[in-house]
Amino acid sequence: MIGTTVTKIQTEIGSGRDIVLRANGLFKRFGTLEAVKGVSFELHRGEVFGFLGPNGAGKSTTVGMILGLIAPTAGSVEIFGVKQDGNRWNELRRVGAIIEEPAFYPYLSGWDNLEVLAISIGDIPRSKITEVLERVNLLDRAKDQYGHYSMGMKQRLGIASTLLRSPELIILDEPTNGLDPAGTKEIRDLIPQLALENRAVLLCSHLLHEVEMVCSRVAIIKQGVIIANAPIKELLSRGNQLQIKVDKMEEAKAILGNLPWIKSVTREDDHLVIDVPQDRSADVNLALTEKGIRVSELFNRSTSLESVFLQLTGGAAGD
Ligand SMILES: Nc1ncnc2c1ncn2[C@@H]1O[C@H](COP(=O)(O)OP(=O)(O)OP(=O)(O)O)[C@@H](O)[C@H]1O
Ligand SMILES: [Mg+2]
């Protein structure tokens, strides 16, 4: 289900390059600590953008600057093409964000909590409350007390509350923090659906697996600096490994080791493992057969975002 949704999102990105959010060289210093050091990225409609980095990398600080909650030391934010500054935050009305556990009245039902919110926003029909509760799969529990909800349900009600304003950009900062596996799955299933209808989602997470599952594009931040920003498929193919079986192992290893586009060749049992871009598999085969080496087996090993992350960060995984 998630797989098909993500593919759909990726197709949509290819067609419309409508920029929803642009961070331009965001920089934040807290005293002597440089928490965010020149972060720039763009977010497009229909996209689930993963903002991935270990604890303390600067994700929440960046989000705080995007939402106007933290004043940048330098840099700027454009939302829907409009530069945000001290006086111009109108575009934030079109943004829904959950940056910490949402606050609701524990003795009111999920429905009543949303109704209170709808009244305070104004101009929100009751049908919209039904619609957003349905969207997060809470309609059947809408009349139950919020205080009796599970963590996953609370978080989903939080997402429903951001949907009340029909935001075009949704920002979720670690939305599965503190959830059990079932609650985590509920939120993960929901995220790709939020990006449909041409919305964009910015998902901050330190969980590689989560980002890999739900995001179409990912920026990796480490110590305040973005060290990679690419479609997830491209990132995964960067960490590609090819496994081959040949008749003359040491000879093959020497030949491949001399090719500039091969990062490394290692011997594992009866085969060689080569770090090489996925689109060069045929070239590996050709380079060996030209030198009279017979290749009996050749396949791309699947890579995880984790292995790419470890390569990029030199082993500084957050979890
Ligand atoms: N108000 C503040 N005053 C001083 N230092 C701060 C403040 N807010 C954040 N920091 C520091 O800035 C750095 C980045 O923090 P930030 O919360 O942005 O990281 P993060 O990537 O969101 O981490 P996590 O995954 O733990 O949420 C950290 O070293 C943090 O201690
Ligand atoms: Mg954070």
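How many nonpolar, polar and charged residues does the shell around ligand 1 have? Four are nonpolar, seven polar and two charged. (Ala, Val, Leu, Ile, Met, Phe, Trp, Tyr, Cys and Pro count as nonpolar, Asp, Glu, Lys and Arg as charged, and the others, Gly among them, as polar.)

The legends below describe a predicted model, in which local features need pLDDT of at least 70, side-chain atom pairs count only at pLDDT 80 or more, and totals for chains, interfaces and linings use all residues. Residues are numbered from 1 along each chain as its sequence is written, while chains are lettered from A and ligands numbered from 1 in the order in which they are written.

**View 1. The shell around ligand 1.** Thirteen residues surround ligand 1, and Phe30, Ala35, Lys59, Ser60 and Thr61 come nearest. (A residue is near a molecule or strand if its C-beta atom, placed from the backbone, lies within 6 Å of it.) Two elements, β2 and α2 (59-66), each give two or more residues to this shell. The most come from α2, with three residues. (Helices are DSSP runs of H or I with at least four residues, strands are E runs of at least two, and both are numbered from the N terminus.)

**View 2. Helix α3 against helix α5.** The axes of α3 (residues 110-121) and α5 (residues 151-163) come within 10 Å and cross at roughly 30°. (Axes are lines fitted to C-alpha atoms, for helices over the stretch in contact; angles run from 0 to 180 degrees between N-to-C directions.) The two helices are therefore roughly parallel to each other. (Angles under 35 degrees count as roughly parallel, over 145 as roughly antiparallel, 65 to 115 as roughly perpendicular and the rest as oblique.) Their crossing is right-handed. (The near helix is turned clockwise from the far one by less than a right angle; anticlockwise would be left-handed.) From α3, Gly110, Asn113, Leu114 and Leu117 meet Leu157, Ala160 and Ser161 of α5. (Contact requires C-beta atoms, placed from the backbone, within 7 Å.) This contact of α3 with α5 has four nonpolar, three polar and no charged residues.

**View 3. Helix α3 against helix α4.** The axes of α3 and α4 (residues 126-135) come within 10 Å, crossing at roughly 130°. That makes α3 oblique to α4. The crossing of α3 and α4 is right-handed. Gly110, Trp111, Leu114, Glu115 and Ala118 in α3 meet Lys128, Ile129 and Leu133 in α4. Five residues of this contact are nonpolar, one is polar and two are charged.

**View 4. Helix α9 against helix α10.** Here α9 (residues 249-257) and α10 (residues 281-290) have axes that come within 10 Å and cross at roughly 120°. The pair is therefore oblique. The crossing is right-handed. Ala252, Ile255 and Leu256 of α9 meet Val284, Ala287 and Leu288 of α10. The contact of α9 with α10 has six nonpolar, no polar and no charged residues.

**View 5. Confidence along the chain.** The protein chain averages a pLDDT of 86, and 92% of the residues score at least 70. (pLDDT is the predictor's confidence in each residue, from 0 to 100.) Among the elements, helix α1 (residues 2-15) has the lowest mean pLDDT, 42, and strand β2 (residues 33-44) the highest, 96. Over residues 1-16 the pLDDT is below 50. Beyond near neighbours in sequence, that stretch has 23 contacts in the model.

How values were computed. Contact = placed C-beta atoms within 7 Å.
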